[in-house]
Each structure stands twice: as C-alpha cells, then as structure tokens.
Amino acid sequence: MPEADFVVVANRLPVDRVDGPNGEPGWRPSPGGLVTALDPVMKKSDGAWVGWPGQADLEVEPFEFGGTWLVPVALSEEEVASYYEGFSNDTIWPLYHDVIASPRYRRVWWDAYVKVNRRFAEAAAAAVSEGGTVWVQDYQLQLVPKMVRELRPDVTIGYFHHIPFPAYGLYSQLPWRRQVLEGLLGADVIGFQRVADAGNFARAVRRQLRYDTKATGIRVPQADGSSRLALAKAFPISIDTASYVALAKRPDVRARAAEIRESLGNPSKILLGVDRLDYTKGIQHRLKAYGELLADGTLKVEDVTLVQVASPSRERVQTYVELRDEIELTVSRINGDRDTMGHTAIRYLHQGYPREEMVALFLAADVMLVTALRDGMNLVAKEYVATRTDNRGVLILSEFAGAADELGTALRVNPHDIDTLKETIVSAVKMAPAEQGRRMRALRRKVIEHDVDAWSRDFLSALAAVHPVPKGNA
Ligand code: G6P
C-alpha cells in the first residue's frame with residue numbers, strides 16, 4: 001500500500017461487506033454525506049480511509065476501492081461489545097446528548113476504548129506520508145489525535161466532532177474527562193457542529209486543564225516548555241445538496257412519491273418522521289403530540305397520516321432495546337385506537353431504505369417532523385429541504401438540533417412542550433402555500449449555499465492555515 005498524503009480515520013469504513021451468491025466476499029459503497037464530500041479530496045491527494053469493516057473478527061488487508069485505499073481495522077467480538085457498544089454508545093453517546101439516557105461508566109470499557117483508539121492511531125500513522133494530513137472523525141475516536149501526534153509529529157491533524165459537546169456540568173461526570181480533552185487537543189483543528197459545542201469544549205479545557213483559551217484559539221503547552229495553538233471552532237456539516245436535488249427531479253422518483261401517497265389512501269396531508277431508532281430523536285414526544293391530536297378530534301385519520309421510518313440501530317445496547325419496545329407499544333396503541341379499514345394513523349417502518357426511496361418519501365410528505373431532544377446537526381432536516389424543489393412543504397424543527405442554528409425559517413419547537421408541539425403540527429397542516437413558499441425558499445437557499453463540499457473546504461482550509469504547507473510542497 002502506498003503512503004497517502006490525506007488520511008481519514010473514522011469508526012466505520014465507507015463500504016459494507018456483501019458476500020456474493022457463491023459466498024465470495026465483496027464490498028458495496030455505503031454512501032453517506034461524508035464519503036461524498038471527501039471523495040474529490042481523496043482522489044486528488046492519494047487518500048486513504050482507516051476504519052472498521054463493520055463486523056466482528058473480520059481481518060482484511062488494505063485494498064483499493066474506487067480510487068482510494070481502504071485500511072480495515074479489525075475488532076474482536078469482545079471489543080465490539082466494550083469499545084463500540086459500551087464506551088462509545090453507552091457512555092459517551094448518552095453523556096454527550098445531555099444524559100437523556102443514563103451513561104454507564106465502566107472501567108473495562110474505558111480500557112478497551114484506549115486500546116482500540118491506539119489501534120486506529122497506529123494504522124493512520126502507518127498510512128500517512130511525511131508531512132501529510134490526518135482527519136479523525138467523531139466521538140468513537142477522541143484519543144486518536146494525541147496518539148497520532150505522538151507517533152507522527154510531522155503530520156497535520158484535524159478532528160471533527162459530529163455529535164454535541166455537552167455543558168461542563170455534565171461533561172465533568174466523565175471519570176476520564178482529562179484524558180479525553182488531552183486526546184482531542186492532539187489535533188490542530190477541532191471542529192464542532194455549533195458555536196455552543198465549541199464553547200462548551202473550551203470551557204471544559206479551561207476548567208480541567210487550566211489552559212489559556214482566547215476566542216477560538218487554545219494554547220496547548222508542550223513538553224519542551226513551548227506551546228502550540230489549537231483551533232476549536234464550529235464548522236456545521238451539511239449534505240450533498242446537488243445529488244438530492246437531482247434525485248428529486250427524476251421522473252421515476254416522482255412517480256414513486258405519487259405511488260406512496262396513493263398507497264396511503266391519498267390523505268390530504270402526510271406527516272413524516274425519519275430517524276435512526278434512537279432515544280435522542282424525540283420519537284416518543286412526536287407520537288404523544290400526534291396521538292393526542294387524533295384523540296381530541298383536531299386531526300382525523302381520514303385526512304392525515306404519519307409515516308415514521310425508524311431505521312434499526314445499535315440493537316444490542318439495552319437502552320435501544322427498551323426504546324424499541326416503548327415506541328412499538330405506543331404505535332400499536334394509537335393505531336389500534338384510531339385506524340379505520342381504509343386509513344392508518346401511523347405507518348411505522350422499522351427498516352432502512354435506499355436514497356431513492358427516501359427522496360420519494362420526502363416528496364410525498366407535506367410536513368417533516370424533526371423533534372430531536374438533542375442532535376449534533378440532523379441531516380434529515382437538510383435532506384427534506386433540499387428535495388422540495390417546488391418550495392412547498394413545512395419543516396418542524398427542534399431547537400435542540402444543530403440544524404436549528406442555520407434553518408431559521410423552519411417552524412421551531414421545544415419537543416418537551418407537548419401543547420406547543422401540537423399547535424405547531426396543526427399550523428403546519430394548515431399553512432397556506434404562500435407562507436410555505438416564503439419559508440421553504442429561505443431554507444433551500446441555506447442548504448444550496450452551504451453544502452457538504454463547502455463544509456469540508458472550510459475545515460480543510462482552516463487546517464491548512466494552522467499548519468501552512470511548507471514552500472515547495474504546495
Ligand atoms: C451518528 C454518529 C456517527 C455514526 C452514526 C450511525 O450519526 O455521529 O458517527 O456512524 O450515528 O451510528 P453507528 O453506531 O451505526 O455507526
């Protein structure tokens with residue numbers, strides 16, 4: 001494998017393992033926004049991507065895929081349980097989402113997290129060329145920046161945090177709070193979704209480590225007595241807007257949207273929720289508000305249907321198992337009470353869908369419900385907006401989603417306030433086309449101007465500015 005000038009390190013590789021008809025191993029791209037955004041950079045700069053192939057005990061040598069080198073990091077069954085399901089998704093995930101669920105602090109999980117982060121760091125350090133760039137992604141790998149710096153002081157290191165960074169009062173619960181901050185500060189640029197996240201991080205650094213912070217700069221003392229300036233700043237992520245617009249214009253996708261409406265009995269309004277089945281998404285709050293509107297007769301199943309896609313996620317973590325039971329109980333109660341032979345209150349789908357089908361659903365939906373209790377960004381909100389090329393449709397958006405900072409003309413809600421949420425759903429259902437257009441046009445302008453390409457360019461130019469490329473290497 002040749003050395004790469006640009007190395008992305010993420011928990012997951014941008015491909016899924018698919019075995020062929022005769023059991024022969026193969027790979028299929030798993031196209032997320034990040035993959036699309038980084039693809040041009042990867043191709044231009046001999047990129048490599050370090051990540052877990054998504055299955056326990058799968059040991060694979062680095063291989064080339066679509067012009068990039070993929071470097072698989074193997075995890076044992078035990079490490080999947082302790083590093084991924086345990087520390088990443090049962091400690092950090094709930095803690096960083098404002099303890100909506102209780103974080104579990106287990107020392108054996110922490111030990112596994114350190115060990116696995118080291119494995120990712122070693123793979124990145126081995127893959128990157130002299131003076132190259134390493135860009136670490138997300139909360140599963142917070143110790144990697146410092147570890148890479150120790151192994152390879154010559155490289156430039158970026159880190160982007162896709163989820164919220166909590167207020168200090170919560171963060172300080174973490175028994176390993178100093179080590180995590182030191183891990184992150186190994187990066188030259190530490191990117192966050194919201195200005196508030198970057199502020200929370202800087203405050204934690206001041207309180208825990210007593211380092212000087214000024215605006216977005218943090219002075220990180222070095223072993224030799226000197227100091228290095230790290231940048232901690234908001235770089236809100238976005239989507240590959242053009243590809244959503246293109247899909248929304250495709251005749252087959254539009255036909256599919258009409259077919260979806262038809263199969264739901266052509267209700268006059270379709271409400272839509274699309275989430276990973278996660279307790280941060282506020283699915284229960286949305287169901288409560290909607291169920292009450294049907295119960296009190298404000299809405300009728302003959303006129304309105306809610307489609308709720310809840311894609312399976314982290315299914316071996318106990319909190320997720322319990323959440324699924326709760327949601328499915330609520331959905332079947334509401335449907336049992338309200339359905340008629342010809343109309344359903346909620347069409348619940350515990351499945352994941354290809355992008356074409358998602359866009360058809362967005363096109364079929366009159367109202368999009370994003371009621372997250374806490375969310376780093378929420379790209380579904382941006383995807384819905386991107387597909388509404390006719391400037392119709394209403395986005396209801398929680399103020400606790402990062403997207404609320406940019407999408408100012410959405411109908412903003414506090415999902416905990418059920419009465420106001422109910423009123424907001426009613427105004428969305430009744431909103432006149434002219435007002436839909438006025439709001440949607442402004443929303444669309446945002447996601448067209450600020451797409452995922454702009455996001456990666458902003459981040460990488462901040463990184464290049466901290467560590468200017470030496471003359472002759474430009
Ligand atoms: C969030 C995280 C990602 C993660 C994704 C899916 O968006 O920020 O890092 O990959 O959820 O979760 P999973 O645990 O399946 O990777």
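**Exercise 1. Is aspartate 138 buried or exposed?**

Solution. This is a predicted model, in which local features need pLDDT of at least 70, side-chain atom pairs count only at pLDDT 80 or more, and totals for chains, interfaces and linings use all residues. Residues are numbered from 1 along each chain as its sequence is written, and side-chain values use heavy atoms, with hydrogens and water left out.

Step 1. Take the cut-offs: buried means under 20% relative accessible area, exposed over 50%, and partly exposed in between, with a 1.4 Å probe and protein chains only.

Step 2. Aspartate 138 has 11% relative accessibility, so it counts as buried.

Step 3. Place aspartate 138 in the fold. It lies in the loop between S7 and helix H4 (144-151). Helices (H or I, at least four residues) and strands (E, at least two) are DSSP runs, numbered from the N terminus.

Step 4. Check the backbone. Aspartate 138 is not a glycine, yet its phi is positive, about 75 degrees.

**Exercise 2. Find the residues around the ligand and the polar side-chain atoms that approach it.**

Solution. Step 1. List the shell (a residue is near a molecule if one of its heavy atoms lies within 4 Å of it). The residues are Arg12, Tyr84, Asn89, Asp138, Tyr139, Gln140, His162, Ile163, Arg276 and Arg314.

Step 2. Sort them by class. Ala, Val, Leu, Ile, Met, Phe, Trp, Tyr, Cys and Pro count as nonpolar, Asp, Glu, Lys and Arg as charged, and the others, Gly among them, as polar. The shell has three nonpolar, three polar and four charged residues.

Step 3. Read the distances. A side-chain N or O atom of tyrosine 84 is 2.5 Å from an oxygen atom of the ligand. For a polar side-chain atom of aspartate 138, the distance to a ligand oxygen is 2.6 Å. For arginine 314 it is 2.9 Å.

Step 4. Look at the cover. On its own the ligand has 380 Å² of accessible area, and the protein covers 68% of it. Such areas come from the Shrake-Rupley method with a 1.4 Å probe; for residues, only the protein chains shown count as cover.

**Exercise 3. Which side chain makes a polar contact with glutamine 137, and which with glutamate 85?**

Solution. Step 1. Fix the term. A polar contact is a pair of N or O atoms within 3.5 Å; within protein, one must be able to donate a hydrogen and the other to accept it, and residues adjacent in sequence count only if both atoms are side-chain atoms.

Step 2. Glutamine 137 sits in strand S7 (residues 128-137). It is buried, at 2% relative accessibility. Its side chain meets that of histidine 162 at 2.8 Å.

Step 3. Glutamate 85 belongs to helix H2 (residues 77-96). It is buried too, with a relative accessible area of 14%. Its partner is the side chain of arginine 316, at 2.9 Å.

**Exercise 4. Describe the largest cavity.**

Solution. Step 1. Define it. On a 1 Å grid over the protein atoms alone, a cavity is a set of points where a 1.4 Å probe fits but cannot get out; lining residues have an atom within 4 Å of a point. Grid points are joined across faces, edges and corners, and a volume is the space filled by probe spheres set on the points.

Step 2. The whole structure holds one cavity of 30 Å³ or more. The largest cavity has a volume of about 40 Å³.

Step 3. Its lining divides into seven nonpolar, three polar and one charged residue. H15 gives the largest share, four residues.

Methods. 1 Å grid on protein atoms, 1.4 Å probe; cavity = no way out; pocket = protein on both sides within 12 Å on 5 of 7 lines; lining within 4 Å.
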